[in-house]
Amino acid sequence: MNLQQTQKQIDDYADQNYKYGFETLIESERSEKGLNEDTIKFISAKKKEPQWMLDWRLKSFAKWKTMQDPTWANINFPKIDYQNIYYFSAPKGFENKPKSLDEVDPKLLETYKKLGIPLQEQKVLAGVAVDAVFDSVSVATTYKGELEKLGIIFCSISEAIQDHPELIKKYLGSVIPPGDHKFSALNSAVFTDGSFVYVPENVHCPIELSTYFRINAEETGQFERTLIIAEKGSYVSYLEGCTAPKRDTNQLHAANVELIALDNAEIKYSTVQNWYPGDEDGKGGIYNFVTKRGICKGVNSKISWTQVETGSAITWKYPSCILKGDNSIGEFYSVAVTNNFQQADTGTKMTHIGKNTKSKIISKGISLGKSQNTYRGMVKFLKNSDKSRNYTQCDSLLVGNECGAHTIPYIDSKNNSAVVEHEASTSKINEDQLYYCRQRGISHEDAVSLIVNGFCKQVLQELPMEFAVEAQKLVSISLEGSVG
Amino acid sequence: MFLSIKNLTVSIENKRILNNFSLNMNEGEIHSIMGPNGSGKSTLAHVLAGKEDYEILEGEIIFKDKNLLDLNIEERSQLGLFLAFQYPVEIPGVNITPFLKSSLNAKLKLEGKPEIDALKFAKELKTLASELGIPLEMLSRSVNEGFSGGEKKRYEILQMSILKPSLSILDETDSGLDVDALKTVMEGVNKIKNDNSSFLIITHYKKLLDYITPDFVHVIKDGTIVKTGDKSIAQQIETEGYKNL
């Protein structure tokens, strides 16, 4: 059977299912399983999108159909069955929603407790129906007013498509073209929600924008799409993700995040990712296939990525910077912790186009259990990127004997004046350090956590204060059980 | 008995280091262990602290009525045993304040006491540091990272002063110290000394004993004590060496 026939059969099968399930579909607020044009039309219709948006999605879908899964990463997983996935599911069905914390998995609550998350927030995170009187709601409204006064737009991408079509048309897909690779095409076709930020000229956003302040987006889909635009001379810091495990059971998570920084603008993007990593035997967990890319479009602009990755069965993620404007700066700070059977292949790509551009990469990988942790980075200097520089530092820490750490840096320079520095180290957790800590009465497990957090400090201190504290706790929690 | 080491035989990588070693200590006493290189001095310190590289072939250690060999490293520490390292270890990225605080809190927890107040702790740390001639700037650095030999030793004594152990083992604390540094360090030790604290001072040379007066001096050779006496033994070693002992 050739490919076309197979595709047709899949389509037919999906169509059949689709018809069969249509009636229940409205009640359950869920699209039928599988991916075809009808799925995309369904999503677009659900969101009452204009025709141009639907056309864009369908074009992306057409591209997707011609593409292959990327295979170059150092990860192993069974072939994804795209027809066995639900692509749209409205916020968790009310019938499934736990009515009180008593109905929530106590293990989950224990984790929240360790993270020091307030009870009200625990309820939101666990998906408990929260009554209208919720502190953050008023907080959100207060800030929303303040942001509006400054002309900052901070809303869901769905709202932005309705209310700011000119910005969406101009920028969506301008940094990550839908046809970039298979997952970006997929996201472009089926993205369900995500955040939209627009900071006008010379405005310094006074608060850290985070999804905490936009409660309605707390359950964005598996295919989220985020777009941040910083106009000339503006500044914004955006925090993504929450530090608690999400209760998602879906497997594939393919988000796209695009950042655009114009002249003299700065965007700081921080992520703490703690999706479900699967159990001790490597069963289950999220495939986190995320594409994040920012463009320093204007002169003297700056984009800084900071990520703390502790979750997901597989993390495949390379937050990147295109340094187009002269004197622009790209930074990437990363901590990736893998335990049990987790796999991470993460790093960054810095593309120097403009003159006198600078990039800095600090990557800290910690491997435990039977996990595999790979840093993969590409630093590229194009022909006209005179006097540009890159500094890369990759450190790996191994805990135990069955894990792996890999560092794969690519450097590609078409300009003779480029300066590249690369430092890399791989070490095992030092027994003498452990002995020293324990001699001071610090338990073995706490000692490991102390040493690992010290190892990550360079990156953690890039996070906004209150986030850094949570990230530290999270790193400690993900190390738990690593000590025999 | 506060500390009783009975017929202890220890090997590492099939090599016997301690051989039928016995030693008794009462609360509040200061004992000094002297001996040539390779006689087993440092091994004794690490075996007491619980370092896991050693194989205990025979013997027992009772410390404060507990069988020490049944306890792991941190449990021994929490029981009041402190080892001032000959080569203190660098822990990059870990600041001394949270490090010592978790150390102290672990001990307080065991004693059923509440955690120490952060402000009070910071104040105490500062006071003790300046007494030991440690610049306050050093308190904001990572544990031992980039410290000179002398700074590291002072840092050990600072930790000792904070944790107030009942048994302090000083493993060649004098090595790598100039006279002035040794003086400050030993002044620090003398400050901690009281009726409830005991010291086991391991050293090569008599020099250190100019600053602290041990109740007993033991000479160790080939993993066992060959002579016990008072401070005068140190003088004898200084002039005649270890050969005649």
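## Strands, helices and one interface

Strand β10 (residues 302-309) of chain A pairs with β13(A) in the parallel sense, over eight bridges. This is a predicted model, in which local features need pLDDT of at least 70 and side-chain atom pairs count only at pLDDT 80 or more, while totals for chains, interfaces and linings use all residues. Residues are numbered from 1 along each chain as its sequence is written, and chains are lettered from A and ligands numbered from 1 in the order in which they are written.

**Exercise 1.** Work out how β13(A) is paired and whether its residues are buried or exposed.

*Solution.*
- Start with the element: strands are DSSP E runs of at least two residues and helices are H or I runs of at least four, numbered from the N terminus.
- On the β10(A) side, look for Thr306(A), which sits opposite Tyr333(A) of β13(A). Strands count as paired when DSSP finds at least two bridges between them.
- β13(A) also pairs in the parallel sense with strand β15 (residues 358-367) of chain A, over 10 bridges. There, Lys358(A) is the bridge partner of Ile329(A).
- Now the burial: 10 of the 10 residues of β13(A), 329-338, are buried, with 20 or more other C-beta atoms (placed from the backbone) within 10 Å of their own; 12 or fewer would be exposed, and in between partly exposed.
- Split them by direction: Ile329(A), Glu331(A), Tyr333(A), Val335(A) and Val337(A) point one way, while Gly330(A), Phe332(A), Ser334(A), Ala336(A) and Thr338(A) point the other.

**Exercise 2.** Do the same for strand β4 (residues 225-230) of chain A.

*Solution.*
- Six of its six residues are buried, so the rest of the structure largely encloses β4(A).
- One face carries Arg225(A), Leu227(A) and Ile229(A), the other Thr226(A), Ile228(A) and Ala230(A).
- Strand β2 (residues 195-199) of chain A runs parallel to β4(A), joined by four bridges; Phe196(A) has Leu227(A) as its bridge partner.
- Strand β7 (residues 256-261) of chain A is parallel to β4(A) too, with six bridges, and Ala230(A) is partnered by Ala261(A).

**Exercise 3.** Find out which strands of the open sheet in chain B stand at the edges, and what packs on the sheet.

*Solution.*
- Write down the order, β2-β1-β4-β5 of chain B, with antiparallel pairing.
- β2 (15-25) and β5 (66-67) of chain B are the edges: each has a single partner strand, so one side of each lacks a neighbour in the sheet.
- β1 (residues 3-12) and β2 of chain B share seven antiparallel bridges, and Ser11(B) faces Arg16(B) in β2(B).
- Helix α1 (residues 41-49) of chain B packs on this sheet, touching β1, β2 and β4 (55-63) of chain B, and its direction makes about 70 degrees with that of β2(B).

**Exercise 4.** Describe the side of chain A that touches chain B, then the packing of α10(A) with α11(A).

*Solution.*
- Count first: 17 residues of chain A contact 20 of chain B, a contact being C-beta atoms, placed from the backbone, within 7 Å.
- α10 (431-439) and α11 (444-460) of chain A each give two or more residues, with the largest share, seven residues, from α11(A).
- Next, the helix pair: α10(A) and α11(A) pack at about 125 degrees with axes 9 Å apart. That makes α10(A) oblique to α11(A).
- Finally, name the residues: Gln433(A), Leu434(A), Cys437(A) and Arg438(A) of α10(A) meet His444(A), Ala447(A), Leu450(A) and Ile451(A) of α11(A).

Definitions and conventions:
Contact = placed C-beta atoms within 7 Å. Axes fitted to C-alpha atoms, helices over the stretch in contact; angles between N-to-C directions. Parallel < 35°, antiparallel > 145°, perpendicular 65-115°, else oblique.
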